[in-house]
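Here's a quick tour for anyone about to open the structure at the bench. We'll start with a helix and a sheet, then work through other spots worth a look.

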Amino acid sequence: MSTDTETTGQKDTAPKHDQHSTAYDHLWMHFTRMSSYEHAPVPTIVRGEGVHIYDDRGRRYLDGLAGLFVVQAGHGRAELAEAAAKQAQELAFFPVWSYAHPKAVELAERLAHLAPGDLNKVFFTTGGGEAVETAWKLAKQYHRLMGRPGRHKVISRAVAYHGTPHGALSITGLPALRAPFEPLVPGAHKVPNTNLYRAPVHGDDPEAFGRWAADRIEEQILFEGPDTVAAVFLEPVQNAGGCFPPPPGYFRRVREICDTYDVLLVSDEVICAFGRLGTTFGCEKFGYVPDIITCAKGMTSGYSPIGAAIVSDRVAEPFYRGDTTFLHGYTFGGHPVSAAVALANLDLFDREGLNQHVLDHEAAFLGTLSRLHDLPIVGDVRGNGFFYGIELVKDKATKETFTPEECERLLYGLVSKKLFENGLYCRADDRGDPVVQLAPPLIAGQDVFDEIEQILRHVLTEAWAAI
Ligand SMILES: Cc1ncc(COP(=O)(O)O)c(C=O)c1O
């Protein structure tokens, strides 16, 4: 379908009027099976307003995923756009390499103030994967500076997604995503996650299951040798696999294990920070203090990209001595426009009480989605805050899941497409067992929960009949 002229080698730069085929020809979409758009239109979103997005045909959709767990404050917020414009006029760009600019300083101070414990040092990135990459490199150099050069390994959980740079991908526990890029960074080991629905032991006792799952981390540290382990990377609520909240006591035990063996605890909050769970940081919701928080997405509600590793004074301390430098950085890390937008976004959070809104409505959201339990295809509804996964099963009684072929037909062929056709943008995901994921903007209320439930009910009923 390419229109490049083969004879002259010159490109056909004439504007095309069929945006769908232009998208297929030139826009390499991320994590996208491009062939599926060879003969089908590429859905093209042109505008957003509140909890809704609009496509180029003028159709309206409920944004059931806040873009990609990003648009916390909702679409079309003029004040965030204005903050960006104002900053771009004043100082569009300057790096934070040996120099500062006011918005980066102000945002770092604000994040330090909001973060728990002594997490007071903010290293900016442009997104989540870079924040995870930063945290691993930082953990390695930290241990070197502390005279423990052997500590380079990291532990994370099965099925967890932590980003695409080689380090972050190594931490990611999804074999299918890793396979094309092997060999990855050595020393990244996996332990079981907190999927209570499919708990191999203690399925009827969340606390005992949490203890069991946390103890797998200790087991792995001992197996590898504590002197070789630098850090543990965990999300407060694991996204991939479909929203696994931590069982009671899980993080208390994890913190204890990390302290015992001098291993850093990294809370990967790329999704869970900035109100997704009703608190500024996810660790707050579950009462633990990590050594590093990695965050991104919701910091600006998506109006401009930025990420960060927020680091404890204890871990930062050796880097602030003598001639030591953390030899790491990104040109656009802490971008002035993004920093200005993040500050305006945090003001908006405060003024509108977005965290409290999530806390006040999370039970209603879960309750509304839980009505779907009467459908034969719905095995589990789980999550926290405004962050839920609905696991689809073939047999509710036995929890039997779908075969890969059925998943392909069910998720890609039916559910994803039909949800969108019926006006709900969200995500049907098969990185673990098949789930539909829901994470609307944090301004959503009962009317939105009801609409989500009704569309899901209609589409999942159709899918069950067709499978
Ligand atoms: C927990 C977690 N970590 C890291 C990332 C990577 O973030 P980014 O896509 O901004 O690089 C993601 C992305 O979804 C994530 O969910």
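Helix α13 (residues 354-370) lies across β11, β12 (387-392) and β15, and runs at about 15 degrees to β12. Keep in mind that this is a predicted model. The strands under that helix belong to an open, antiparallel sheet of four, ordered β11-β12-β15-β14.

**The sheet with β11, β12, β15 and β14**

- The order β11-β12-β15-β14 puts β11 (378-384) and β14 (427-429) at the edges; each has a single partner strand, so one side of each has no neighbour in the sheet.
- From one strand to the next, the twist averages 20 degrees.
- β14 runs antiparallel to β15 (residues 435-438), and three bridges join the two.
- If you want a residue pair to find by eye, try R427, which sits opposite Q437 in β15.
- A further helix, α14 (residues 404-421), also packs on the sheet and touches β12, β14 and β15. The direction of α14 makes about 165 degrees with that of β14.

**The sheet with β1, β2, β3 and β13**

- Here four strands make an open sheet with mixed pairing, in the order β1-β2-β3-β13.
- Which strands stand at the edges? They are β1 (45-49) and β13 (424-425), and because each has a single partner strand, one side of each is left without a neighbour in the sheet.
- β2 (residues 52-55) and β3 (residues 60-63) pair antiparallel over three bridges.
- Look for Y54, whose bridge partner in β3 is R60.
- As a general reminder, strands of a sheet pair through backbone hydrogen bonds, in either a parallel or an antiparallel way.

**The α8/α9 helix pair**

- The axes of α8 (residues 206-224) and α9 (residues 250-261) come within 8 Å and cross at roughly 20 degrees. Angles under 35 degrees count as roughly parallel, so α8 is roughly parallel to α9.
- The crossing of α8 and α9 is right-handed.
- On the α8 side, the contact is made by G210, R211, A213, A214, D215, I217, E218, I221 and L222. On the α9 side, the contributors are Y250, R253, V254, I257 and Y261.

**T324 and its surroundings**

- T324 is in the loop between α11 (313-316) and α12 (336-352).
- Is T324 buried or partly exposed? With 21% relative accessibility, T324 counts as partly exposed, as buried means under 20%.
- Leaving out residues up to four places away in sequence, T324 touches Q141, L145, P318 and F319.
- T324 and L145 are 179 residues apart in sequence, yet their C-alpha atoms are 8.7 Å apart in space.
- The T324 side chain also reaches the backbone oxygen of R321, at 3.1 Å.

**Backbone details in the loops**

- The peptide bond from E182 to P183 is cis, with omega near 0 degrees. P183 is in the loop between α7 (175-178) and β6 (188-191).
- D262 has a positive phi, near 60 degrees, though it is not a glycine. You'll find D262 in the loop between α9 and β8 (264-268), and its 34% relative accessibility makes it partly exposed.
- F274 is another non-glycine residue with positive phi, here near 55 degrees. F274 is in the loop between β8 and α10 (282-286), and this residue is buried, with a relative accessible area of 2%.

Definitions and conventions. Residues are numbered from 1 along each chain as its sequence is written. This is a predicted model: local features need pLDDT of at least 70, side-chain atom pairs count only at pLDDT 80 or more; totals for chains, interfaces and linings use all residues. Side-chain values use heavy atoms; hydrogens and water are left out. Buried means under 20% relative accessible area, exposed over 50%, partly exposed in between (1.4 Å probe, protein chains only). Contact means heavy atoms within 4.5 Å. A polar contact is a pair of N or O atoms within 3.5 Å; within protein, one must be able to donate a hydrogen and the other to accept it, and residues adjacent in sequence count only if both atoms are side-chain atoms. Two strands pair if DSSP finds at least two bridges between them. Axes are lines fitted to C-alpha atoms, for helices over the stretch in contact, and angles run from 0 to 180 degrees between N-to-C directions. Angles under 35 degrees count as roughly parallel, over 145 as roughly antiparallel, 65 to 115 as roughly perpendicular and the rest as oblique. A crossing is left-handed if the near helix is turned anticlockwise from the far one by less than a right angle, and right-handed if clockwise.
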